[in-house]
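Open the structure in your viewer and keep the sequence panel visible. The tour below goes from the whole chain to single side chains.

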Amino acid sequence: MNPKPIYRVMIAFRYKKKGSVTYYRNGNIDTFCTTNVLEQIKNDEVIRSKIIRKVKTKHKDLDIVFDEIKIEGQYGNTIY
């Protein structure tokens, strides 16, 4: 298997329960991912599950809007 690069990303996002008419709440997360393509980061299920875990909500279907994604740099490679 080919090792993948690991990138550190800082994400500013807004979230609300799907179908809700209330305002968005803000949040930030500093994490790692295996791609530096913005569209893949936005659609990554691992990133979305980390955001849901961070906001500590029981609703699994959140409407998440990404405000800013900063890719700091490569921090190494995976071993798998």
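Begin with the chain as a cartoon: read along the sequence, its pattern is β-β-α-α-β, which amounts to two helices and three strands. This is a predicted model. The C-alpha atoms fill a box of roughly 45 × 20 × 20 Å along the principal axes. Of the 80 residues in the chain, 30% are buried. Turn on the surface next: the chain exposes about 5,800 Å², and carbon and sulfur atoms supply 50% of that area. Colouring by charge shows 16 positive and 9 negative side chains, with the centres of the two sets 7 Å apart.

**The strands**

Select strand S1, residues 5-17, together with S3, residues 62-77. S1 and S3 run antiparallel and are joined by 13 bridges. For a reference point in this pairing, pick Met10, which stands opposite Lys70 in S3.

Now add strand S2, residues 25-33. S2 also runs antiparallel to S1, with nine bridges between them. Here the residue to pick is Phe13, which stands opposite Gly27 in S2. Contacts across the chain can be put in figures too: among those between residues at least 6 apart in sequence, 66% join residues at least 24 apart.

**Salt bridges across the strands**

The whole structure contains five salt bridges. Show the side chains of Asp30 and Arg8, whose closest N and O atoms are 2.5 Å apart in a salt bridge. Asp30 lies in strand S2 and Arg8 in strand S1, so this pair ties together parts that are 22 residues apart in sequence.

Add Glu72, which forms a salt bridge with Arg8 at 3.2 Å between the closest N and O atoms. This pair links Glu72 in strand S3 to Arg8 in strand S1, 64 residues apart. Is Arg8 buried or partly exposed? At 22% relative accessibility, Arg8 counts as partly exposed. Asp30 is partly exposed at 43%, and Glu72 is partly exposed at 44%.

**Helix H1**

Move to helix H1, residues 38-42, and select Glu39 and Lys42, which lie three residues apart, about one turn of the helix. Shared partners in salt bridges join Arg8, Asp30 and Glu72, seen earlier, into one network. Glu39 and Lys42 form a salt bridge, with the closest N and O atoms 3.9 Å apart. Glu39 has a relative accessible area of 49% and Lys42 one of 29%.

**Last stop: Thr78**

Finish at Thr78, in the segment after strand S3. Thr78 is buried, with a relative accessible area of 8%. Leaving out residues up to four places away in sequence, Thr78 touches Pro3, Lys4, Ile6 and Thr34.

Notes:
Residues numbered from 1 in each chain as written. Predicted model: local features only at pLDDT ≥ 70, side-chain atom pairs only at ≥ 80, totals over all residues. Heavy atoms only, no water. Helix = DSSP H or I, 4+ residues; strand = E, 2+ residues; numbered from the N terminus. Buried < 20%, exposed > 50% of the residue type's maximum accessible area, 1.4 Å probe, protein only. Contact = heavy atoms within 4.5 Å. Areas by Shrake-Rupley, 256 points an atom, 1.4 Å probe, with all protein chains shown as cover. Lys, Arg positive; Asp, Glu negative; His and termini not counted. Charge placed at Lys NZ, Arg CZ, Asp CG, Glu CD. Pairing = 2+ DSSP bridges. Salt bridge = Lys/Arg side-chain N within 4 Å of Asp/Glu carboxyl O.
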